[in-house]
Amino acid sequence: MQGAETTVDPTEVAKFEAMAAEWWDPNGKFKPLHMLNPCRLDYISRQIAAEFDRDLSAEMPFRGLRLLDIGCGGGLLSEPMARLGATVVGADAAARNIPVARIHAEQSGLMIDYRHTTAEALAEAGEQFDVVLNMEVVEHVSDPLAYLTACRKLLKPGGLHLCSTINRNPKSFAMAIVGAEYVMRWLPKGTHEWSKFITPDELCRLLEQAGLKPVDRTGFVFNPITWGWSLSSRDLSVNYVTASVKPA
């Protein structure tokens with residue numbers, strides 16, 4: 001991995017390194033992400049299509065767009081973006097995730113440039129992208145503002161930044177930590193730290209301070225009756241996602 005200033009928290013990386021082999025097991029430690037993924041992809045695809053005037057019903061609608069998936073893990077988002085035609089770079093600070101992602105992409109017949117690196121190293125190297133996916137990462141870094149600033153540097157003028165995280169309130173503690181880690185045991189205990197969660201207002205301020213312009217924020221809402229996720233323009237109480245653009 002390139003040697004640049006970094007906001008990577010080694011303790012956080014170690015948590016995900018320990019789970020690397022389970023990325024593509026829908027009933028394993030990443031079951032919550034597999035359940036959430038269709039909802040995430042719906043939001044991501046529609047935001048990219050709207051920003052770059054693409055028709056999602058067309059074949060490979062994201063052809064010609066260069067996309068970075070930061071914290072790509074095993075490739076749960078990188079692969080669908082590649083199938084939609086984007087030229088995808090998947091980056092992860094956890095070295096053990098990269099071989100898992102590469103092997104699965106090969107088995108799926110997809111060309112994805114997976115790298116063991118950081119947002120800061122990519123920015124220092126002058127890499128530029130039309131879209132940066134920054135999903136469920138910002139709550140794991142040591143300096144969110146510095147990290148988001150690196151994300152802004154990685155965008156071309158007019159580029160789109162999509163960032164999801166977890167709100168910080170009693171409900172998110174009950175659901176994302178007590179429920180997911182202790183009751184349902186979907187995640188290993190200690191995967192998340194409630195103090196690192198970020199409220200939507202805080203995240204929007206951080207994005208603005210980093211030089212990005214927030215244009216949307218939407219909630220990911222889990223329904224325990226249907227056992228599924230949906231998007232909500234009103235309920236951002238636990239999981240939520242933001243869209244922001246780099247001024248042209």
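A residue is called buried when its relative accessible area is under 20%, exposed when that area is over 50%, and partly exposed in between, with a 1.4 Å probe and protein chains only. The structure is a predicted model, in which local features need pLDDT of at least 70 and side-chain atom pairs count only at pLDDT 80 or more, while totals for chains, interfaces and linings use all residues. Residues are numbered from 1 along each chain as its sequence is written, and side-chain values use heavy atoms, with hydrogens and water left out.

Helices (H or I, at least four residues) and strands (E, at least two) are DSSP runs, numbered from the N terminus. Strand β1 (66–70) follows the loop that begins after α2 (31–52). Four of the five residues of β1 are buried.

Strands are said to pair if DSSP finds at least two bridges between them. β1 has five bridges to β2 (residues 87–92), in the parallel sense; here Leu67 stands opposite Val88 of β2. With β4, β1 forms four bridges, again parallel, and Ile70 has Asn134 of β4 as its bridge partner.

β1, helix α3 (residues 78–83) and β2 together form a right-handed β-α-β unit. Right-handed here signifies that, with the strands pointing away from the viewer, the path from the first strand over the helix to the second runs clockwise.

Two loop residues deserve attention for their backbone angles. Met60, in the loop between α2 and β1, has a positive phi of about 50 degrees although it is not a glycine; its relative accessible area of 30% makes it partly exposed. Glu136, in the loop between β4 (129–135) and α6 (144–153), is likewise not a glycine and has a positive phi of about 55 degrees. Glu136 counts as buried because its relative accessibility is 17%.
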